[in-house]
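Here are my notes on the model you asked me to look at. I have set them out as numbered points so you can follow along on screen.

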Amino acid sequence: MNLMTRGERVFQVFLVLFITLMCAAMLYPFVHLLSVSLSTPAEAIRPGPHLYPLEFSLEAYRKTFEYGLIWIGYRNTLIRAAGGTFIALFMIALTAYPLSKRYLPHRSFYTLFIVFTMFFSGGLIPTYMLIKNIGLMDSMWVYILPVMIPTFSLLIMRNFFMEIPDELEDSAKIDGAGDFRSFVSIVLPLSKPILATVGLWQVVNHWNAWFDAMLYIQDPGKIVLQMFLRKLIVSNEAQELNAMMNQAPGVEIVTPETIKAAALMVSTLPILVVYPFIQKYFVKGILVGSLKG
Amino acid sequence: MSFGISAHNPSGGKGVIQHAMEQVAKQTPQGGLVMRKPSVWRTYRKHRGILLMLVPGLLFYVIFHYAPLYGIQLAFKDFRIMDGISGSPWVGFDHFRTLFYGSDQFPLILRNTLIISFLHIIFGFPAPIALALLFNEIRSKLFKRITQSISYLPHFLSWVVLAGLLTTILSPSEGILNYLLGLFGVEPIYFMGDPHYFRFTLVVSGIWKEIGWGTIVYLAALASVDPHLYEAGIVDGASRWKQTLHITIPSILPVIAVMLLLRIGGIMEAGFDQIFNLSNAAVSNVADILDTYVYRVGIGQFQYGLTTAVGLFKNVVGFLMLILANYAVKKMGQEGIF
């Protein structure tokens, strides 16, 4: 039954070749960067492919680790990712639960009230002024509070809650548990898969966020990792770069290329390392959301 | 532009909202035993537990999503810091007149926004569909699983990180791409700095980042195609190619149509994160879009009134486009998003 014709066999060969090439194009930039970050200055600027360093050097990493600001960025990113995800999961679940209940009075109004914000917003300037007016400027809370409930995640969680049979909760309610008790002790334990998926989205979003830091944060002690990278790589701030390279003029132990590559690797490696183990949860979440319709 | 974070919304939001609305529709009273409508007060008291749980979430939406709507009036005002939002004098449609007739700048960024958006749709939209069809033809399960996982990877990195990667890869002096082109005798190309190539760079890097992730929706649709159709096709002697053309593609056409219309609904979004991190002064004539303009002129030069007007224009057009797109989806007999 699985016999292939000659044409199909040829097609399979080309298909596998094409897909392999595509994956090489996806992975090569990371390999290149890793190789450059581990190279001596001369090796780093050699034209052509970099699969591994021909002349090996750990200096760029040493300088990166010695530079305080990247660790401040790291610490703040970890704080916002941990705190932001925890608070978001609590708020998303707490809001999704009532919305999943048929007997919630005026449920369609509240749902519309929330869904509307996905399609119409005040825009950048009004939001900026609001943040200013409520005193969140230069506060770490600005990383967490405005993105506490991503509406898409809220709707996915709500859909998940609606699939949980009411009977499971009824027994608890007969025993005198209120809505909140039943939510905490029955619904949440059953919702671990969706909590994991939504939580991972939140972690990745926090890890990658930079625009809020650029808009609202001036204090260098509250900078996040991506904002630090942006200064170093995108806006090419010479002051930052020189401070990080920290070498006497004429001595070349590291170059802007190697130091940038090392900084990029240090901040991206956590994602690259855990990615193979968690990517299936991301996909699962998308499917829960999009096939529900 | 939605503050970097929420810009990473995992998919277009199709289905979820539709589902939300359907569920709402179902809850309307179905007649029957209810004789007297209980007063709102009594219903609210009866369900106070669950309503109380909703309060923090509603507060969040009021503060962070509805309060900024109040600031929209700045689009019709001459904002003065001392007077605040409500105290500043009204100027009617002055800002809009300035935008459309005052200089060439706004028409230019509006054109850039639409051109870049169109390019993303024309080239970026079919790419994941083609890739999904290819993935679907792979016989080896393991090979398929591994290559799919690899293709999702760039989706999870920020444009800040990718800007760092791309500058290295696309560099005219050391970049691998120009090195490879050089082997064929092509002169080095400044992909990131040449206005002739920059939009091309945007489109290709956009495809590179999202092509794998974009296949998920289509792969799910492909998995749900009725296998009997293929069996019938084989009996009729249809080749794999014929099967793809006459069975597979027609089966996923509704999904493609919905995704396309939603994408067109988002025409005003040309990709702030990407452009803001990849562009530079050399290419600003071809790369400056509505969102980058609002940031630069609004936040950078304190022109709050003018740039609020730009934001309002963008939001209203975007909103209308979505409603139109949704109407078109429904006209086709498909489920819309609302």
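1. Let's start in a loop. D138(A) is found between α6 (124–133) and α7 (141–144) of chain A. This is a predicted model, so please read each point below as a description of a prediction. Phi of D138(A) is near 60 degrees, a positive value in a residue that is not a glycine. Most residues other than glycine have a negative phi. D138(A) counts as exposed, because it has 12 C-beta neighbours inside 10 Å, and 12 or fewer is the cut-off for that class.

2. H106(A) is worth a look for a similar reason. This residue is not a glycine either, yet has a positive phi of about 55 degrees. You will find H106(A) in the loop between α4 and α5 (107–115) of chain A. Is H106(A) exposed or partly exposed? With 13 C-beta neighbours inside 10 Å, H106(A) counts as partly exposed, since the exposed class stops at 12.

3. Now for the fold of chain A as a whole. The chain has 15 helices and 0 strands. Its radius of gyration is 25 Å, well over the 19 Å that the globule rule gives for 293 residues, so chain A is more spread out than a compact globule. The C-alpha trace spans about 75 × 70 × 35 Å along its principal axes. Of the 293 residues, 42% count as buried. Among contacts in chain A with a separation of 6 or more, 71% are between residues 24 or more positions apart.

4. The domain assignment splits chain A into domain 1 (1–57) and domain 2 (59–290). Taken over C-alpha atoms, the centres of these two domains are separated by 32 Å. Where they meet, 10 residues of domain 1 are in contact with 13 residues of domain 2. On the domain 1 side, α1 (6–37) and α2 (41–44) are the elements that give two or more residues. The largest share of that side, 5 residues, comes from α1(A). By class, the residues on the domain 1 side divide into 7 nonpolar, 3 polar and no charged.

5. Please look at the packing next. How many residues does the largest nonpolar core have? This core has 136 residues, and those with the most contacts inside it are I92(A), M157(A) and L229(A). Helix α4 (residues 68–99) of chain A supplies the largest share, 10 residues. Domain 1 and domain 2 of chain A each give at least three residues to this core. Leaving aside residues up to four places away in sequence, I92(A) touches I149(A), S153(A), L154(A), M157(A) and V198(A). M157(A) therefore shows up twice, as a neighbour of I92(A) and as one of the best-connected residues of the core.

6. Helix α4 of chain A is also home to R75(A). R75(A) is partly exposed, with 13 other C-beta atoms within 10 Å. From R75(A) to A93(A) is 18 residues in sequence and 27 Å in space, C-alpha to C-alpha.

7. Helix α13 (residues 225–234) of chain A is mostly covered, with 9 of its 10 residues buried. Which residues of α13(A) are buried? They are L225(A), Q226(A), M227(A), F228(A), L229(A), R230(A), K231(A), L232(A) and I233(A). You may be surprised to see R230(A) and K231(A) on that list, so do check them on screen. Just after α13(A), N236(A) takes a positive phi of about 50 degrees.

8. Then there is the partner chain. In the model, 91 residues of chain A are in contact with 84 residues of chain B. The chain A side of this contact has 60 nonpolar, 22 polar and 9 charged residues.

9. Last, the database record. An unreviewed UniProt entry gives the annotation "transmembrane region" to residues 12–31, 78–97, 109–129, 141–161, 182–204 and 259–278 of chain A. Over residues 182–204 the model is 96% helix and 0% strand, and the end C-alpha atoms are 30 Å apart. Over residues 259–278 the model is 100% helix and 0% strand, with the end C-alpha atoms 29 Å apart.

Conventions:
Residues are numbered from 1 along each chain as its sequence is written. Chains are lettered from A and ligands numbered from 1 in the order in which they are written. This is a predicted model: local features need pLDDT of at least 70, side-chain atom pairs count only at pLDDT 80 or more; totals for chains, interfaces and linings use all residues. Two residues are in contact if their C-beta atoms, placed from the backbone, lie within 7 Å. Ala, Val, Leu, Ile, Met, Phe, Trp, Tyr, Cys and Pro count as nonpolar, Asp, Glu, Lys and Arg as charged, and the others, Gly among them, as polar. A nonpolar core is a set of buried Ala, Val, Leu, Ile, Met, Phe, Trp, Tyr and Cys residues joined through C-beta atoms within 7 Å. A residue is buried if 20 or more other C-beta atoms lie within 10 Å of its own, exposed if 12 or fewer, and partly exposed in between; C-beta atoms are placed from the backbone. Helices (H or I, at least four residues) and strands (E, at least two) are DSSP runs, numbered from the N terminus. Domain bounds come from an automatic or database domain assignment. The radius of gyration is taken over C-alpha atoms; the globule rule is 2.2 Å times the number of residues to the power 0.38. UniProt positions are given in the numbering used here, feature names are shortened, and annotations may be inferred rather than shown by experiment.
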